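Me: Please take one part of this model and look at it closely with me. I would like a connected account that I can follow on the screen.

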Amino acid sequence: MPHVAVTALSHPGLLRDRNEDSLVAGPWTLCATVTENPQTLVFPLGSPLVVAVADGLGGHPRGDVASGLVVRRLASVGPVLTDESTVRDTLDTCNRAVYQAAGGDAGGDLAGMGTTVAGVVVRADDLLVFNVGDSRVLAVRDDGLRQVSVDDSPPLAPGQRTTSVVTQCLGGSPDFRPVQAHVTAFPLAHGDRYLVCSDGLTDPVPPDTIEEVLREYDDARAAFELWKAAMAEGGPDNITLALLRISEDAEDAEGSRAPEE
């Protein structure tokens, strides 16, 4: 029976005081905490399965609260995310919920609280990729690594590889701002792999290095090596990632065990 293996890891990095990233995989959430080793969960392929990373906005109040709110809401509605319209409506609802949790029109100490989000909804025959902000979804293919999410960031200057500026997010402003979520469907096949991650991975680690790790390793070992690569570059931000693999049977989907630290 086809299954989806999801291997996840979340870590504050070396410079941040706390982890403001959160993650959802099906009904399981990891909110603003730390995993000592990659964790692998296996789900049957069939009903919609949501896997997403939310990255609380740095420099704004309580990004951990915003990211946790979003992943818990996605976990609660994941099985009914059956089409692109439903995903967009859910992200609109998350945007409004973050704004209201930050005090709404009345404002308050949490005014401006916000988060990015990126993820996938795995269905029986295809996969919906979605994002708001600059967290990413990458497809791991035989012909190379390809970004399939759309960064909400201003154009980069010549020679500039990254930016911390986002042009839209969930919440993140004292005034309510609607969002235009990016949602795209892709066909699904046995052996497909996708990486969902916060910019704590993709900012410090060049795409060539990420691709090299994913070519050499599967599942827990790949997640561990990606984390190591971000830490080797100084771990400047929270590092959260989920690696998905579509497999024909549950035994194959379990993949490799996490390496010893």
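Reply: Let's start with a pair of helices: α4 passes α5 in a right-handed crossing (the near helix is turned clockwise from the far one by less than a right angle; anticlockwise would be left-handed). This is a predicted model, in which local features need pLDDT of at least 70 and side-chain atom pairs count only at pLDDT 80 or more, while totals for chains, interfaces and linings use all residues. Residues are numbered from 1 along each chain as its sequence is written, and side-chain values use heavy atoms, with hydrogens and water left out.

Helix α4 covers residues 207-216 and helix α5 residues 219-232; helices are DSSP runs of H or I with at least four residues, strands are runs of E with at least two, and both are numbered from the N terminus. The two axes come within 9 Å and cross at roughly 155°. Axes here are lines fitted to C-alpha atoms over the stretch in contact, with angles from 0 to 180 degrees between N-to-C directions. The helices are therefore roughly antiparallel, a label for angles over 145 degrees.

Now to the strands. Strand β8, residues 136-141, has 5 of its 6 residues buried, meaning under 20% relative accessible area with a 1.4 Å probe and protein chains only; exposed is over 50%, and partly exposed lies in between. Strands pair if DSSP finds at least two bridges between them, and β8 has two such partners to look at. It runs antiparallel to β12 (residues 193-197), with 5 bridges, and Val 140 stands opposite Arg 193 there. It also runs antiparallel to β9 (residues 144-147), with 4 bridges; Leu 138 has Gln 147 as its bridge partner, and a hairpin of 2 residues connects β8 to β9.

Finally, the cysteines. There are 0 disulfides, a disulfide being a pair of cysteine sulfur atoms within 2.5 Å. Why is Cys 31 too far for a bond? Because its sulfur is 12 Å from the closest cysteine sulfur, in Cys 94. The sulfur of Cys 169 is also too far for a bond, because Cys 94, with the closest cysteine sulfur, is 13 Å away. Cys 31 is partly exposed at 23% relative accessible area, whereas Cys 169 is buried at 11%.

How values were computed. Angles under 35 degrees count as roughly parallel, over 145 as roughly antiparallel, 65 to 115 as roughly perpendicular and the rest as oblique.
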